[in-house]
Amino acid sequence: MRTAKKGKKAKKGKKICFLQGNEACAEGAIAAGANFFAGYPITPATEIAEVLSRRIPQQKGCFIQMEDELACMGAVVGASLAGARAMTATSGPGFTLLQENIGYAMISEIPCVIVAVQRGGPSTGLPTLSSQSDVMQSRWGTHGDHPSIVYCPNSVSESFHLTVRCFNMAEKYRTPVTLLTDAIMGHMRERVEIPEPGDIELYRRVQPRPGQGDYRPYDAAGAPVKGVPPMANIGDGYRHYISGCVHDETGSPKMSSHAVARRLAGRLRDKISRNRDDIVMSESLHAEDADTLLIAYGSVARPAYEAVLRARRAGKHVGFFRPISLWPSPDKEILAAAEKVKTVVVVEMNCGQYAGEVCRIFGEAGRAVRVVKLNEIGSEFIHPDRIHSVIQEVC
Amino acid sequence: MAFDKSLLRTAEFPTIWCPGCGHGIITQAAIRACNDMGLARDDVYAVSGIGCSARTPAYIDFNSIQTTHGRAIAFATGMKMFRPEKHVFLLLGDGDCASIGGNHLIHACRRNIDLTVLVLNNFIYGMTGGQVSPTTPHNSRTTTTMYGNLDEPLDICGIAMAAGATFVARSTAYHAQQLPGLIEQGFRNRGMSLIEILSPCPTGFGNRNNYRTPADMYDELRDNAVPVEKAKNMSEKELEGRIVTGVLKNAGREEYVDRYSAMLKNIGAPDELSDLASGNYPAEPMRSERFECRLSGSGGQGLILAGIIFSEAMIRQGKNAVHTQSYGPEARGGASRSEVVVSAERIDFPEVSAPDILLAMTQDAFDRFSAGVRKGGAILIDSTLVNPGPAAARISSDGARCFEYPISDYAKNTLGDIRTANIVALGLLSGLNGFISRDAMLDSVLSRLPARAHDLNKTGFEHGFNEGRAMLAADKGG
Ligand SMILES: Cc1ncc(C[n+]2csc(CCOP(=O)(O)OP(=O)(O)O)c2C)c(N)n1
Ligand code: SF4
């Protein structure tokens, strides 16, 4: 197995750096102990592969440019099965090609990290311009019913920290985790405080007890993380069978038992939903007195927040809510922020993918609010003036 | 030729295979090969895709991984790279390996990564009920070629050899005695090995193609097989319809993961991110809370780098800075734009709306952006390349000041290196703006340039700075 030699660590302290979003993501992967990266060039994500092609070998890890994104995801899952902290990074069309093997990693519960830097689509679309049109792909891109964990940074600094978190969540919950950024985030440069390596908390997958003869790879009974079976790396002496088939607790395919299927699908759902408080992240600002709530995420959260501040200075009671985990959706947190709210404005660079989700949240809670969509579908970054004028109209 | 029955996962029995299917024979041969080599079962990864053939790992007590259709080689590449000490062998159907997974096959061969691929070639998609595959013979009937197969079959071994696999062999399920030896040779080859094994599928292929019993199919494999040594002396015509068996290629070449490991040995210490912790850089306060700067010109003028250096100087001064740039085809020789927003506070909207400073280094940049400069802002023009013309008067009446300096001319003809133009421009901008610390900017310039370029760029920066200060004084005086 490839492991970095642990030298004596000099006390270095935190650093102030000026990094591009994609670079920060790559540095976040290094800080998270990533030791396997498989990639394929695509704008606007390529810088992540370029930086890691230099940085991962320096840590004695593996970097490989595969023949396509289907292969990237395959190699990432294969490496993670063998014990690696593995990642790939891509955009639009490449994200689509990852999907089949993301589904494999979900059902066979293999930790891995996917970075998707959104660009305009569908298809080749607008390779160099930004969008948020893969919100639903990040949720439902692979076939089948499954939970998803997706984080969405709004700053270069958050690109660093959320990349670390993606690795930790992937390992903790044995599942693929996606960092969903966009071309603006990926290419923007900003001040970042990089913590000292020792100050970054790393979660490593729970392994079976050494020599545990009765190890059942998909048995979560008594597992330290509720619903998450301990994971033996392949080749460490357990020789279990792994497949993308519906399986029982031993890993044995059971393709005609409704009971087994129900048990597996239920556990996969519950291991995320029952631990949602540990996974979900969001930010709520000035919501206390708000009668109107602006919801925005990723790069668009920046002009949106600026517009909110401007409106508040003019005496408007506008609050701001930012889902940081798009999935699982911060339902509880949105409802709490919107307690006295009559109008919600969802600002996003797509036709309203998250707005649909917001409607669901209020609908399920039996709350009557007006949901206003502010969408940009031509990949022009939304200017605060435009958002501000919508606030003026509705508030 | 030992056969260790304990290597079977009998709990998974009965197998899904039909009576007469060749896949079981091949599985047994693979187990024998592992036994003969004395491989410890923990050290073997048995990897497959999807298909009848791909069920094999379920029945053997190795580290058994069934992946997705066509992608087993990609998974195995990740495994082998991360655990070079393991033996990785793959069991793939012809559809799995040569159709949906064909691209991965070619590239694994190109890399010569140490995988041993057994292709269980039954000329058909067995699991899905007998559809045409890339190896189906011409004119054969399948459930999707009811009028006969139009294609000619693909030569998987030929592809593997051409793509760079270092061990390639062919045999058939009839030749059960020969198989373990061939598989063992494949295992022992350090590099990409492919062994194609023809495997009857009575259910999906035989039924529709005039084989009365499974035995007919095995008889045909027996009758048509020609050892490669014998085939060498046969004409193309004589070889028509025959199956050339044995080792087709065995040529050592450096293996991919070995190369990778050797490369790792020669890599130096990890990079350290440079620390921009703010220093003592006295400067005038900023006139407004938010300051926007647009550097525009064409690709190759170093404006992106200038924007980064500008931002880093601001961070050294303890401010926030956000840099954005225009990308795309523009990044190659066309228009180039690099923008910086500076503030003592947090910066939300990262883009420039109405710049306080515009640097225009091409006529096009001047024409496009000069009107957008904020009232009270400044435009710095590279007068070597830009003729402001009558626009200059209009701009000053709009409340922006125009400064001109022959930046490119000075860089090219006085400093002797046009590449210093961006740094001269940064010197001018620093001279023109009191809130920029000369030292912070110069430190940022030097930290972003190689040592050999320091002297020249320092001269250029300082010249620009002094010129900028002089222009500012003249502007204030006038
Ligand atoms: C992406 C995808 N496409 C299609 C299938 C359906 N499928 C399952 S097995 C198979 C063909 C298997 O044929 P082959 O690889 O030749 O193996 P055999 O069953 O003949 O041993 C196909 C097309 C699938 N599982 N996944
Ligand atoms: S369908 Fe063909 S390949 Fe599949 S098990 Fe039956 S005989 Fe074997």
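Helices (H or I, at least four residues) and strands (E, at least two) are DSSP runs, numbered from the N terminus. You're looking at a predicted model, where local features need pLDDT of at least 70, side-chain atom pairs count only at pLDDT 80 or more, and totals for chains, interfaces and linings use all residues. Residues are numbered from 1 along each chain as its sequence is written, chains are lettered from A and ligands numbered from 1 in the order in which they are written, and side-chain values use heavy atoms, with hydrogens and water left out.

**Exercise 1: backbone oddities in chain A**

Find which peptide bond joins Gly121(A) and Pro122(A), and where Pro122(A) lies.

Step 1. Check omega: at about 0 degrees, the bond between Gly121(A) and Pro122(A) is cis.
Step 2. Now place Pro122(A): it lies in the loop between β5 (112-118) and α5 (135-140) of chain A.
Step 3. Try another spot, Trp327(A) and Pro328(A), where a cis peptide bond has omega of about -5 degrees. Pro328(A) is in the loop between β13 (325-327) and α11 (331-337) of chain A.
Step 4. Look at Lys60(A), which isn't a glycine but has a positive phi of about 65 degrees. You'll find Lys60(A) in the loop between α2 (46-58) and β3 (62-65) of chain A.
Step 5. Why pick these out? Most residues other than glycine have a negative phi, and most peptide bonds are trans.

**Exercise 2: the surroundings of ligand 1**

Work out which residues come nearest to ligand 1, and which chains surround it.

Step 1. A residue counts as near if one of its heavy atoms lies within 4 Å of the molecule. Of the 18 residues around ligand 1, Cys52(B), Gly95(B), Asp96(B), Asn122(B) and Gly126(B) come nearest.
Step 2. Residues from chains A and B surround ligand 1, so the site is shared between chains.
Step 3. Go through the short distances to oxygen atoms of ligand 1. A backbone N or O atom of Cys52(B) is 2.8 Å from one, a side-chain N or O atom of Asn122(B) is 2.9 Å from one, and a backbone N or O atom of Met127(B) is 3.0 Å from one.
Step 4. Next, the elements: α3 (94-100) and β5 (124-125) of chain B each give two or more residues to the shell. With four residues, α3(B) gives the most.

**Exercise 3: two helix pairs in chain B**

At what angle do α17 (residues 438-448) and α18 (residues 454-477) of chain B pack, and what about α12 (residues 303-316) and α16 (residues 421-432) of chain B?

Step 1. Axes are lines fitted to C-alpha atoms, for helices over the stretch in contact, and angles run from 0 to 180 degrees between N-to-C directions.
Step 2. For α17(B) and α18(B), the angle is about 150 degrees, with axes 10 Å apart. That makes α17(B) roughly antiparallel (over 145 degrees) to α18(B).
Step 3. For α12(B) and α16(B), the angle is about 40 degrees, with axes 9 Å apart. That makes α12(B) oblique to α16(B); oblique is what remains once angles under 35, over 145 and from 65 to 115 degrees are taken out.

Note on methods: Polar contact = N/O pair within 3.5 Å; in protein donor to acceptor, adjacent residues only side chain to side chain.
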